[in-house]
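Welcome, and thank you for taking a look at this one with me. Below are some numbered notes to read alongside the structure.

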Amino acid sequence: MTAHQTAIREWTADEIRAFGYRVVDIIARHLTELPDRPVFQPVPADLRERFRDSPLPEEGVPASDVLTEFERHIEPYPFGNGHPRFFGWVNSPPAVVGVFADALAAAMNPSCAGGNHAAVYVEREIIDWFVRLFGFPRGSMGLLVSGGSMASLTALAVARHKKAGFDIRTKGLQHPHPRLLVYKTHEGHGCIQKAVELLGLGSEGLRIVDHDAEMRMIPAALEAAINADRAQGHLPMAVVVSAGAVNTGAIDPIGELATICARHNVWLHVDGAYGAPAILSSRYRDRLAALARCDSLALDPHKWLYVPVEAGLVLIKDADAMRATFSLVPPYLRTDGSLTGVGGPPWFSEYGFQQTRSFRALKVWMSLKHHGLSGYRAAIEHDLAIADRLADHVRRTPDLELYTPRNLSIVCFRYAPPVLRAETARLNEINEALLERLQLEGRVFVSSTIPGRHVVAASMHDQLPHGR
Amino acid sequence: MINYRTADDDIDALPPLVATLGAEVTAGKGC
(Lines give C-alpha, C1' and ligand atoms only; values in the text may rest on other atoms or scores of the structure.)
Protein backbone atom coordinates (compact mmCIF):
# COMPACT_ATOMS: atom_id res chain seq x y z
CA MET A 1 0.00 0.00 0.00
CA THR A 2 1.43 3.39 -0.95
CA ALA A 3 1.67 6.39 1.31
CA HIS A 4 -0.97 8.15 -0.74
CA GLN A 5 -3.41 5.24 -0.51
CA THR A 6 -3.16 5.21 3.25
CA ALA A 7 -4.11 8.89 3.19
CA ILE A 8 -7.35 8.31 1.27
CA ARG A 9 -10.32 9.42 3.33
CA GLU A 10 -13.25 11.74 3.11
CA TRP A 11 -12.51 15.40 2.30
CA THR A 12 -12.99 17.78 5.21
CA ALA A 13 -14.85 21.04 4.69
CA ASP A 14 -11.60 22.95 5.11
CA GLU A 15 -9.86 20.83 2.49
CA ILE A 16 -12.72 21.36 0.07
CA ARG A 17 -12.50 25.11 0.65
CA ALA A 18 -8.73 25.23 0.23
CA PHE A 19 -8.85 23.31 -3.02
CA GLY A 20 -11.84 25.29 -4.24
CA TYR A 21 -10.26 28.64 -3.42
CA ARG A 22 -7.23 27.69 -5.48
CA VAL A 23 -9.51 26.73 -8.35
CA VAL A 24 -11.29 30.06 -8.02
CA ASP A 25 -7.96 31.89 -8.10
CA ILE A 26 -7.07 30.12 -11.32
CA ILE A 27 -10.44 30.94 -12.85
CA ALA A 28 -10.20 34.60 -11.84
CA ARG A 29 -6.71 34.90 -13.26
CA HIS A 30 -7.65 33.07 -16.43
CA LEU A 31 -10.69 35.21 -17.14
CA THR A 32 -9.10 38.55 -16.33
CA GLU A 33 -5.65 38.05 -17.82
CA LEU A 34 -6.75 36.55 -21.13
CA PRO A 35 -6.85 39.93 -22.89
CA ASP A 36 -3.11 40.36 -22.30
CA ARG A 37 -2.24 37.04 -23.89
CA PRO A 38 -2.22 35.88 -27.52
CA VAL A 39 -5.71 35.15 -28.75
CA PHE A 40 -4.58 31.70 -29.78
CA GLN A 41 -1.41 29.65 -29.73
CA PRO A 42 -1.13 26.03 -30.80
CA VAL A 43 -0.15 23.39 -28.28
CA PRO A 44 3.69 23.09 -28.48
CA ALA A 45 5.18 19.92 -29.90
CA ASP A 46 6.73 18.74 -26.62
CA LEU A 47 3.44 19.09 -24.83
CA ARG A 48 1.58 17.29 -27.60
CA GLU A 49 4.03 14.42 -27.17
CA ARG A 50 3.50 14.45 -23.43
CA PHE A 51 -0.25 14.09 -23.91
CA ARG A 52 0.30 11.38 -26.46
CA ASP A 53 2.85 9.30 -24.56
CA SER A 54 1.95 9.52 -20.89
CA PRO A 55 0.67 6.27 -19.37
CA LEU A 56 -2.67 5.75 -17.69
CA PRO A 57 -1.93 6.57 -14.03
CA GLU A 58 -1.69 3.51 -11.84
CA GLU A 59 -1.24 5.49 -8.62
CA GLY A 60 -3.09 8.67 -7.78
CA VAL A 61 -1.46 11.94 -6.77
CA PRO A 62 -2.71 14.74 -4.52
CA ALA A 63 -5.42 16.88 -6.13
CA SER A 64 -3.24 19.98 -5.73
CA ASP A 65 -0.61 18.35 -7.95
CA VAL A 66 -3.22 17.72 -10.63
CA LEU A 67 -4.25 21.34 -10.41
CA THR A 68 -0.65 22.41 -10.87
CA GLU A 69 -0.47 20.27 -13.98
CA PHE A 70 -3.64 21.92 -15.25
CA GLU A 71 -2.10 25.36 -14.69
CA ARG A 72 1.08 24.44 -16.53
CA HIS A 73 -0.14 22.36 -19.41
CA ILE A 74 -3.82 23.00 -20.10
CA GLU A 75 -4.86 26.49 -19.07
CA PRO A 76 -2.20 28.27 -21.22
CA TYR A 77 -3.60 26.83 -24.45
CA PRO A 78 -7.29 27.70 -24.67
CA PHE A 79 -9.49 27.57 -27.72
CA GLY A 80 -9.37 31.36 -27.69
CA ASN A 81 -12.98 32.33 -27.28
CA GLY A 82 -12.50 34.16 -24.01
CA HIS A 83 -10.35 36.79 -25.70
CA PRO A 84 -11.80 40.15 -26.77
CA ARG A 85 -10.27 39.72 -30.23
CA PHE A 86 -11.58 36.22 -30.85
CA PHE A 87 -14.09 36.52 -33.68
CA GLY A 88 -14.04 32.92 -34.88
CA TRP A 89 -17.07 30.77 -35.65
CA VAL A 90 -19.96 31.19 -33.23
CA ASN A 91 -18.40 30.50 -29.85
CA SER A 92 -19.33 32.86 -27.10
CA PRO A 93 -16.81 33.71 -24.39
CA PRO A 94 -17.03 32.11 -20.96
CA ALA A 95 -19.46 33.89 -18.64
CA VAL A 96 -18.79 33.90 -14.93
CA VAL A 97 -22.17 32.80 -13.61
CA GLY A 98 -22.25 29.81 -15.92
CA VAL A 99 -18.71 28.82 -14.94
CA PHE A 100 -19.65 28.44 -11.32
CA ALA A 101 -23.08 27.02 -12.07
CA ASP A 102 -21.29 24.07 -13.64
CA ALA A 103 -19.43 23.50 -10.38
CA LEU A 104 -22.63 23.71 -8.35
CA ALA A 105 -24.38 21.28 -10.67
CA ALA A 106 -21.49 18.85 -10.30
CA ALA A 107 -21.62 19.26 -6.53
CA MET A 108 -25.24 18.07 -6.57
CA ASN A 109 -24.52 15.63 -9.41
CA PRO A 110 -28.08 14.39 -9.96
CA SER A 111 -29.21 12.30 -12.85
CA CYS A 112 -31.84 14.29 -14.67
CA ALA A 113 -33.44 11.30 -16.34
CA GLY A 114 -36.32 12.17 -14.05
CA GLY A 115 -37.45 12.09 -10.45
CA ASN A 116 -38.91 14.41 -7.88
CA HIS A 117 -35.84 16.51 -7.16
CA ALA A 118 -35.20 20.19 -7.80
CA ALA A 119 -33.08 19.77 -10.93
CA VAL A 120 -36.05 18.30 -12.80
CA TYR A 121 -38.21 21.31 -12.02
CA VAL A 122 -35.42 23.72 -12.97
CA GLU A 123 -35.23 22.12 -16.42
CA ARG A 124 -39.02 22.17 -16.80
CA GLU A 125 -39.05 25.85 -15.84
CA ILE A 126 -36.44 26.63 -18.49
CA ILE A 127 -38.39 24.74 -21.13
CA ASP A 128 -41.51 26.68 -20.21
CA TRP A 129 -39.62 29.99 -20.44
CA PHE A 130 -38.46 29.20 -23.96
CA VAL A 131 -41.87 27.90 -24.99
CA ARG A 132 -43.25 31.32 -24.09
CA LEU A 133 -40.37 33.28 -25.60
CA PHE A 134 -40.85 31.69 -29.02
CA GLY A 135 -44.65 31.69 -28.98
CA PHE A 136 -45.09 27.94 -28.79
CA PRO A 137 -48.41 26.77 -27.29
CA ARG A 138 -48.54 25.72 -23.66
CA GLY A 139 -48.16 21.99 -23.44
CA SER A 140 -45.25 21.97 -25.86
CA MET A 141 -42.30 19.94 -24.65
CA GLY A 142 -38.57 20.33 -24.79
CA LEU A 143 -35.32 18.90 -23.63
CA LEU A 144 -31.87 20.17 -22.85
CA VAL A 145 -29.30 18.32 -24.94
CA SER A 146 -25.62 18.69 -25.73
CA GLY A 147 -26.05 21.19 -28.56
CA GLY A 148 -27.76 22.07 -31.80
CA SER A 149 -26.75 18.86 -33.56
CA MET A 150 -28.39 16.66 -30.95
CA ALA A 151 -31.38 19.01 -30.80
CA SER A 152 -31.93 18.64 -34.54
CA LEU A 153 -31.40 14.87 -34.43
CA THR A 154 -34.00 14.63 -31.66
CA ALA A 155 -36.48 16.78 -33.58
CA LEU A 156 -36.04 14.82 -36.80
CA ALA A 157 -36.52 11.54 -34.93
CA VAL A 158 -39.89 12.87 -33.74
CA ALA A 159 -40.70 14.06 -37.25
CA ARG A 160 -39.92 10.61 -38.64
CA HIS A 161 -42.14 8.96 -36.03
CA LYS A 162 -44.97 11.36 -36.70
CA LYS A 163 -44.84 11.52 -40.49
CA ALA A 164 -43.68 8.05 -41.58
CA GLY A 165 -47.24 6.78 -41.82
CA PHE A 166 -46.39 3.41 -40.27
CA ASP A 167 -45.13 2.14 -36.93
CA ILE A 168 -41.49 2.93 -37.44
CA ARG A 169 -40.49 1.94 -33.92
CA THR A 170 -41.70 -1.60 -34.54
CA LYS A 171 -41.10 -2.04 -38.23
CA GLY A 172 -38.00 0.08 -38.62
CA LEU A 173 -37.02 0.93 -42.15
CA GLN A 174 -36.50 -2.68 -43.17
CA HIS A 175 -39.73 -3.25 -44.97
CA PRO A 176 -41.27 -1.69 -48.07
CA HIS A 177 -42.23 1.92 -47.57
CA PRO A 178 -42.10 5.18 -49.49
CA ARG A 179 -38.77 6.95 -49.45
CA LEU A 180 -38.78 9.46 -46.57
CA LEU A 181 -37.26 12.80 -47.56
CA VAL A 182 -35.80 15.80 -45.75
CA TYR A 183 -35.21 19.19 -47.41
CA LYS A 184 -32.66 21.91 -46.71
CA THR A 185 -30.40 24.32 -48.57
CA HIS A 186 -26.61 24.14 -48.90
CA GLU A 187 -26.46 26.70 -46.11
CA GLY A 188 -28.25 24.34 -43.71
CA HIS A 189 -25.95 22.96 -41.03
CA GLY A 190 -23.96 19.79 -41.70
CA CYS A 191 -25.52 18.10 -38.68
CA ILE A 192 -28.71 17.68 -40.69
CA GLN A 193 -27.01 15.31 -43.09
CA LYS A 194 -25.58 13.37 -40.15
CA ALA A 195 -29.04 13.17 -38.59
CA VAL A 196 -30.65 12.01 -41.82
CA GLU A 197 -28.02 9.31 -42.17
CA LEU A 198 -28.30 8.21 -38.54
CA LEU A 199 -32.07 8.00 -38.85
CA GLY A 200 -31.66 5.53 -41.68
CA LEU A 201 -32.94 7.76 -44.46
CA GLY A 202 -29.60 7.79 -46.25
CA SER A 203 -27.96 10.86 -47.70
CA GLU A 204 -30.01 10.25 -50.84
CA GLY A 205 -32.98 11.05 -48.65
CA LEU A 206 -31.68 14.60 -48.23
CA ARG A 207 -32.88 17.04 -50.88
CA ILE A 208 -30.91 20.25 -51.40
CA VAL A 209 -33.28 23.09 -52.25
CA ASP A 210 -32.09 26.14 -54.17
CA HIS A 211 -31.37 29.35 -52.29
CA ASP A 212 -31.48 32.94 -53.48
CA ALA A 213 -28.65 35.48 -53.56
CA GLU A 214 -29.18 36.04 -49.84
CA MET A 215 -28.61 32.33 -49.17
CA ARG A 216 -32.30 31.92 -48.21
CA MET A 217 -34.36 28.93 -49.26
CA ILE A 218 -36.58 29.76 -52.24
CA PRO A 219 -40.16 28.85 -51.25
CA ALA A 220 -41.24 28.11 -54.84
CA ALA A 221 -38.27 25.78 -55.25
CA LEU A 222 -39.23 23.91 -52.09
CA GLU A 223 -42.82 23.49 -53.19
CA ALA A 224 -41.75 22.31 -56.63
CA ALA A 225 -39.41 19.75 -55.07
CA ILE A 226 -42.11 18.47 -52.73
CA ASN A 227 -44.59 18.14 -55.60
CA ALA A 228 -42.07 16.36 -57.80
CA ASP A 229 -41.14 13.92 -55.04
CA ARG A 230 -44.77 13.18 -54.21
CA ALA A 231 -45.40 12.49 -57.89
CA GLN A 232 -42.61 9.90 -57.71
CA GLY A 233 -44.32 8.18 -54.77
CA HIS A 234 -41.88 9.50 -52.16
CA LEU A 235 -42.90 10.88 -48.77
CA PRO A 236 -41.67 14.41 -47.97
CA MET A 237 -41.10 14.13 -44.22
CA ALA A 238 -39.46 17.30 -42.97
CA VAL A 239 -38.09 20.65 -44.06
CA VAL A 240 -35.15 22.06 -42.12
CA VAL A 241 -34.67 25.80 -42.32
CA SER A 242 -32.20 28.16 -40.69
CA ALA A 243 -32.78 31.01 -38.32
CA GLY A 244 -29.21 32.17 -38.63
CA ALA A 245 -26.95 29.90 -40.66
CA VAL A 246 -23.55 29.75 -39.03
CA ASN A 247 -21.61 30.63 -42.20
CA THR A 248 -23.40 33.81 -43.13
CA GLY A 249 -26.18 34.36 -40.60
CA ALA A 250 -28.77 33.80 -43.34
CA ILE A 251 -32.36 33.56 -42.13
CA ASP A 252 -34.74 31.56 -44.30
CA PRO A 253 -38.24 32.99 -44.95
CA ILE A 254 -39.72 30.94 -42.14
CA GLY A 255 -43.30 32.17 -42.45
CA GLU A 256 -43.63 31.39 -46.16
CA LEU A 257 -41.98 28.02 -45.70
CA ALA A 258 -44.31 27.24 -42.79
CA THR A 259 -47.29 27.84 -45.03
CA ILE A 260 -45.93 25.41 -47.61
CA CYS A 261 -45.17 22.78 -44.97
CA ALA A 262 -48.69 23.09 -43.55
CA ARG A 263 -50.19 22.77 -47.02
CA HIS A 264 -48.25 19.57 -47.70
CA ASN A 265 -48.38 18.08 -44.18
CA VAL A 266 -44.60 18.21 -43.84
CA TRP A 267 -42.80 18.74 -40.52
CA LEU A 268 -41.04 22.12 -40.24
CA HIS A 269 -37.89 22.13 -38.15
CA VAL A 270 -35.99 25.35 -37.57
CA ASP A 271 -32.29 25.31 -36.78
CA GLY A 272 -32.07 28.39 -34.63
CA ALA A 273 -29.06 27.16 -32.71
CA TYR A 274 -27.23 30.41 -33.31
CA GLY A 275 -29.75 33.00 -34.40
CA ALA A 276 -32.99 32.31 -32.54
CA PRO A 277 -32.10 34.51 -29.53
CA ALA A 278 -32.02 37.49 -31.91
CA ILE A 279 -35.80 37.49 -31.48
CA LEU A 280 -34.95 39.63 -28.44
CA SER A 281 -33.57 42.39 -30.66
CA SER A 282 -35.68 45.10 -32.22
CA ARG A 283 -34.02 44.49 -35.59
CA TYR A 284 -34.88 40.79 -35.88
CA ARG A 285 -37.99 40.48 -33.69
CA ASP A 286 -40.44 40.60 -36.60
CA ARG A 287 -38.41 38.33 -38.90
CA LEU A 288 -38.19 35.68 -36.21
CA ALA A 289 -41.80 35.91 -35.02
CA ALA A 290 -42.63 33.10 -37.44
CA LEU A 291 -40.64 30.71 -35.24
CA ALA A 292 -43.98 30.25 -33.49
CA ARG A 293 -45.20 28.41 -36.59
CA CYS A 294 -42.58 25.67 -36.71
CA ASP A 295 -43.08 22.16 -35.37
CA SER A 296 -39.70 22.06 -33.68
CA LEU A 297 -36.88 24.42 -32.89
CA ALA A 298 -33.22 23.82 -32.07
CA LEU A 299 -31.55 26.46 -29.95
CA ASP A 300 -28.09 26.61 -28.38
CA PRO A 301 -27.99 28.51 -25.10
CA HIS A 302 -24.22 27.94 -25.39
CA LYS A 303 -24.07 30.25 -28.37
CA TRP A 304 -25.82 33.61 -28.12
CA LEU A 305 -27.05 33.13 -24.56
CA TYR A 306 -23.47 32.79 -23.33
CA VAL A 307 -23.98 29.60 -21.32
CA PRO A 308 -20.90 27.37 -21.09
CA VAL A 309 -20.88 24.45 -23.52
CA GLU A 310 -22.61 22.05 -23.68
CA ALA A 311 -26.10 23.51 -23.57
CA GLY A 312 -28.49 22.85 -26.43
CA LEU A 313 -32.26 22.87 -26.38
CA VAL A 314 -34.93 21.32 -28.54
CA LEU A 315 -38.54 22.49 -28.38
CA ILE A 316 -41.32 20.38 -29.86
CA LYS A 317 -44.94 21.42 -30.12
CA ASP A 318 -46.38 17.91 -30.16
CA ALA A 319 -45.35 16.66 -26.72
CA ASP A 320 -47.25 13.39 -27.17
CA ALA A 321 -45.39 12.64 -30.39
CA MET A 322 -42.08 13.40 -28.68
CA ARG A 323 -42.90 11.01 -25.87
CA ALA A 324 -44.19 8.36 -28.27
CA THR A 325 -40.92 8.55 -30.21
CA PHE A 326 -38.70 7.69 -27.28
CA SER A 327 -40.70 6.29 -24.35
CA LEU A 328 -40.22 2.67 -23.38
CA VAL A 329 -43.32 2.88 -21.18
CA PRO A 330 -46.23 1.30 -23.06
CA PRO A 331 -48.79 3.92 -24.08
CA TYR A 332 -51.48 2.51 -21.81
CA LEU A 333 -49.18 2.85 -18.77
CA ARG A 334 -48.00 6.40 -19.44
CA THR A 335 -49.14 8.77 -16.70
CA ASP A 336 -48.74 12.39 -15.72
CA GLY A 337 -46.28 11.27 -13.11
CA SER A 338 -46.33 11.18 -9.36
CA LEU A 339 -45.85 14.69 -8.07
CA THR A 340 -46.03 13.73 -4.40
CA GLY A 341 -43.93 10.61 -4.67
CA VAL A 342 -40.42 9.70 -5.72
CA GLY A 343 -41.20 9.57 -9.43
CA GLY A 344 -42.06 13.21 -10.04
CA PRO A 345 -43.39 14.42 -13.40
CA PRO A 346 -43.01 12.29 -16.56
CA TRP A 347 -39.34 11.50 -16.96
CA PHE A 348 -37.17 13.37 -19.45
CA SER A 349 -35.74 10.03 -20.50
CA GLU A 350 -39.15 9.31 -22.08
CA TYR A 351 -38.69 12.35 -24.35
CA GLY A 352 -35.20 11.75 -25.66
CA PHE A 353 -32.43 9.25 -26.27
CA GLN A 354 -30.37 9.78 -23.13
CA GLN A 355 -31.10 8.03 -19.84
CA THR A 356 -28.57 9.45 -17.38
CA ARG A 357 -28.58 13.18 -17.98
CA SER A 358 -26.51 15.94 -16.40
CA PHE A 359 -27.84 18.95 -14.52
CA ARG A 360 -26.96 21.25 -17.42
CA ALA A 361 -30.17 23.11 -16.69
CA LEU A 362 -28.58 24.90 -13.74
CA LYS A 363 -26.13 26.96 -15.80
CA VAL A 364 -28.92 27.98 -18.18
CA TRP A 365 -31.24 28.80 -15.30
CA MET A 366 -28.66 30.82 -13.33
CA SER A 367 -27.55 32.70 -16.44
CA LEU A 368 -31.11 33.62 -17.39
CA LYS A 369 -31.90 34.64 -13.82
CA HIS A 370 -28.79 36.79 -13.50
CA HIS A 371 -28.85 38.58 -16.83
CA GLY A 372 -32.58 38.58 -17.51
CA LEU A 373 -34.01 39.08 -20.96
CA SER A 374 -33.05 42.75 -20.76
CA GLY A 375 -29.39 41.83 -20.20
CA TYR A 376 -29.40 39.47 -23.16
CA ARG A 377 -31.27 41.96 -25.31
CA ALA A 378 -28.60 44.59 -24.58
CA ALA A 379 -25.76 42.16 -25.27
CA ILE A 380 -27.27 41.01 -28.56
CA GLU A 381 -27.95 44.59 -29.68
CA HIS A 382 -24.35 45.42 -28.78
CA ASP A 383 -23.04 42.48 -30.83
CA LEU A 384 -25.14 43.59 -33.79
CA ALA A 385 -23.72 47.10 -33.42
CA ILE A 386 -20.08 46.00 -33.35
CA ALA A 387 -20.74 43.80 -36.39
CA ASP A 388 -22.10 46.90 -38.14
CA ARG A 389 -19.00 48.82 -37.14
CA LEU A 390 -16.71 46.16 -38.57
CA ALA A 391 -18.75 45.94 -41.78
CA ASP A 392 -18.59 49.72 -42.26
CA HIS A 393 -14.84 49.65 -41.75
CA VAL A 394 -14.41 46.79 -44.22
CA ARG A 395 -16.48 48.66 -46.78
CA ARG A 396 -14.17 51.68 -46.49
CA THR A 397 -10.94 49.67 -46.66
CA PRO A 398 -9.33 49.47 -50.10
CA ASP A 399 -8.75 45.95 -51.40
CA LEU A 400 -11.32 44.37 -49.10
CA GLU A 401 -14.66 43.11 -50.36
CA LEU A 402 -17.62 42.84 -48.02
CA TYR A 403 -19.91 39.86 -48.50
CA THR A 404 -23.51 41.01 -48.63
CA PRO A 405 -26.19 40.78 -47.55
CA ARG A 406 -25.11 40.70 -43.95
CA ASN A 407 -27.15 39.03 -41.25
CA LEU A 408 -27.02 38.90 -37.48
CA SER A 409 -23.55 39.26 -35.95
CA ILE A 410 -21.49 37.70 -38.74
CA VAL A 411 -19.35 39.77 -41.08
CA CYS A 412 -17.90 37.96 -44.09
CA PHE A 413 -15.28 39.63 -46.26
CA ARG A 414 -12.15 38.87 -48.19
CA TYR A 415 -8.97 40.40 -49.48
CA ALA A 416 -9.78 41.12 -53.11
CA PRO A 417 -7.82 43.91 -54.80
CA PRO A 418 -9.61 45.00 -57.99
CA VAL A 419 -6.89 43.61 -60.28
CA LEU A 420 -7.46 40.10 -58.90
CA ARG A 421 -11.26 40.04 -58.58
CA ALA A 422 -11.74 37.92 -61.66
CA GLU A 423 -9.28 35.28 -60.42
CA THR A 424 -11.48 33.30 -58.05
CA ALA A 425 -9.12 30.38 -57.47
CA ARG A 426 -6.18 32.68 -56.79
CA LEU A 427 -8.17 34.81 -54.39
CA ASN A 428 -9.31 31.71 -52.54
CA GLU A 429 -5.69 30.62 -52.21
CA ILE A 430 -4.54 34.03 -50.99
CA ASN A 431 -7.35 34.35 -48.47
CA GLU A 432 -6.78 30.86 -47.16
CA ALA A 433 -3.11 31.65 -46.60
CA LEU A 434 -3.71 35.02 -44.99
CA LEU A 435 -6.34 33.53 -42.71
CA GLU A 436 -3.94 30.96 -41.36
CA ARG A 437 -1.26 33.60 -40.80
CA LEU A 438 -3.79 35.76 -39.03
CA GLN A 439 -4.85 32.93 -36.74
CA LEU A 440 -1.32 31.86 -35.86
CA GLU A 441 0.01 35.37 -35.23
CA GLY A 442 -2.22 35.54 -32.16
CA ARG A 443 -3.35 39.15 -32.52
CA VAL A 444 -6.87 38.35 -33.61
CA PHE A 445 -8.76 35.18 -34.45
CA VAL A 446 -11.26 34.92 -37.27
CA SER A 447 -12.52 32.00 -39.35
CA SER A 448 -13.81 30.56 -41.98
CA THR A 449 -15.33 29.94 -45.42
CA ILE A 450 -18.39 30.15 -47.60
CA PRO A 451 -18.68 27.16 -49.92
CA GLY A 452 -16.78 28.01 -53.10
CA ARG A 453 -15.42 31.28 -51.79
CA HIS A 454 -12.76 31.48 -49.16
CA VAL A 455 -13.57 34.47 -47.02
CA VAL A 456 -12.72 35.87 -43.64
CA ALA A 457 -15.73 35.44 -41.39
CA ALA A 458 -15.85 37.44 -38.20
CA SER A 459 -18.47 36.41 -35.70
CA MET A 460 -18.91 39.25 -33.27
CA HIS A 461 -19.77 38.04 -29.78
CA ASP A 462 -18.43 40.25 -27.08
CA GLN A 463 -18.07 39.37 -23.45
CA LEU A 464 -21.39 39.20 -21.63
CA PRO A 465 -21.13 41.97 -19.07
CA HIS A 466 -21.96 41.62 -15.41
CA GLY A 467 -25.68 41.49 -14.72
CA ARG A 468 -27.24 43.34 -11.82
CA MET B 1 -22.91 52.00 -17.83
CA ILE B 2 -22.19 48.60 -19.34
CA ASN B 3 -18.56 47.70 -19.84
CA TYR B 4 -18.07 45.46 -22.80
CA ARG B 5 -14.69 43.93 -23.44
CA THR B 6 -14.09 44.24 -27.16
CA ALA B 7 -12.88 47.78 -27.74
CA ASP B 8 -13.56 49.83 -30.85
CA ASP B 9 -9.82 49.67 -31.52
CA ASP B 10 -9.98 45.86 -31.56
CA ILE B 11 -12.59 46.04 -34.30
CA ASP B 12 -11.04 48.86 -36.26
CA ALA B 13 -7.66 47.13 -36.36
CA LEU B 14 -8.99 44.06 -38.17
CA PRO B 15 -9.68 45.37 -41.71
CA PRO B 16 -6.27 47.06 -42.21
CA LEU B 17 -4.57 44.01 -40.74
CA VAL B 18 -6.31 41.73 -43.24
CA ALA B 19 -5.49 44.12 -46.07
CA THR B 20 -1.82 44.25 -45.08
CA LEU B 21 -1.53 40.50 -44.70
CA GLY B 22 -3.35 40.01 -47.97
CA ALA B 23 -0.85 42.21 -49.74
CA GLU B 24 2.08 40.41 -48.11
CA VAL B 25 0.71 37.00 -49.02
CA THR B 26 0.04 38.15 -52.56
CA ALA B 27 3.57 39.53 -52.88
CA GLY B 28 4.96 36.29 -51.51
CA LYS B 29 3.15 34.47 -54.25
CA GLY B 30 4.92 36.57 -56.87
CA CYS B 31 2.20 39.05 -57.83
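**Notes for a first look**

1. Let's begin with strand β3 of chain A. Leu180(A), Val182(A) and Lys184(A) point to one side of β3(A), while Leu181(A) and Tyr183(A) point to the other, and all of these residues are buried. The strand covers residues 180-184, and 5 of its 5 residues are buried, which leaves β3(A) mostly covered. Please keep in mind that this is a predicted model.

2. Now for the neighbours of β3(A). Strand β5 of chain A, residues 235-242, runs parallel to β3(A) and is joined to it by 4 bridges. Within this pairing, Tyr183(A) stands opposite Val239(A) of β5(A). Strand β4 of chain A, residues 206-208, also runs parallel to β3(A), with 3 bridges joining the two. Here Val182(A) is the residue opposite Leu206(A) of β4(A). To get from β3(A) to β4(A), the chain passes through helix α9 of chain A (residues 191-198), and this β-α-β crossover is right-handed.

3. Next, have a look at strand β2 of chain A. Is this strand enclosed or open? Strand β2(A) spans residues 141-145, and 5 of its 5 residues are buried, so it is largely enclosed by the rest of the structure. Both of its faces are covered: Met141(A), Leu143(A) and Val145(A) are buried on one side, and Gly142(A) and Leu144(A) are buried on the other.

4. Which strand is joined to β2(A) by 5 bridges? The partner is strand β8 of chain A, residues 312-316, and the two run antiparallel. To find the pairing by eye, start from Leu143(A), whose bridge partner in β8(A) is Val314(A).

5. Stepping back, chain A is divided into three parts: domain 1 (3-36 + 41-77), domain 2 (101-367) and domain 3 (374-459). The C-alpha centres of domain 1 and domain 2 of chain A are 38 Å apart.

6. A single glycine deserves a moment too. Gly372(A) belongs to helix α14 of chain A. Why is this residue called partly exposed? Gly372(A) has 13 other C-beta atoms within 10 Å, and a residue counts as buried at 20 or more and as exposed at 12 or fewer, so this one falls in between. Gly372(A) and Gly467(A) are 95 residues apart along the chain, and their C-alpha atoms are separated by 8.0 Å.

7. Then there is the contact between the two chains. It draws on 27 residues from chain A and 21 residues from chain B. On the chain A side, α14 (361-396), α15 (424-441) and β12 (456-459) each supply at least two residues. Helix α14(A) gives the most to this side, with 7 residues. By type, the residues of chain A that touch chain B divide into 17 nonpolar, 4 polar and 6 charged.

8. What does chain B contain in the way of helices and strands? Chain B has 1 helix and 0 strands. It has 31 residues, and buried residues make up 32% of them.

9. Finally, a word on confidence. Chain B averages a pLDDT of 81, and 77% of its residues score at least 70. For the complex, the predictor gives an ipTM of 0.89 and a pTM of 0.94.

Note on methods:
Residues are numbered from 1 along each chain as its sequence is written. Chains are lettered from A and ligands numbered from 1 in the order in which they are written. This is a predicted model: local features need pLDDT of at least 70, side-chain atom pairs count only at pLDDT 80 or more; totals for chains, interfaces and linings use all residues. Two strands pair if DSSP finds at least two bridges between them. A crossover is right-handed if, with the strands pointing away from the viewer, the path from the first strand over the helix to the second runs clockwise. Two residues are in contact if their C-beta atoms, placed from the backbone, lie within 7 Å. Ala, Val, Leu, Ile, Met, Phe, Trp, Tyr, Cys and Pro count as nonpolar, Asp, Glu, Lys and Arg as charged, and the others, Gly among them, as polar. pLDDT is the predictor's confidence in each residue, from 0 to 100. Domain bounds come from an automatic or database domain assignment.
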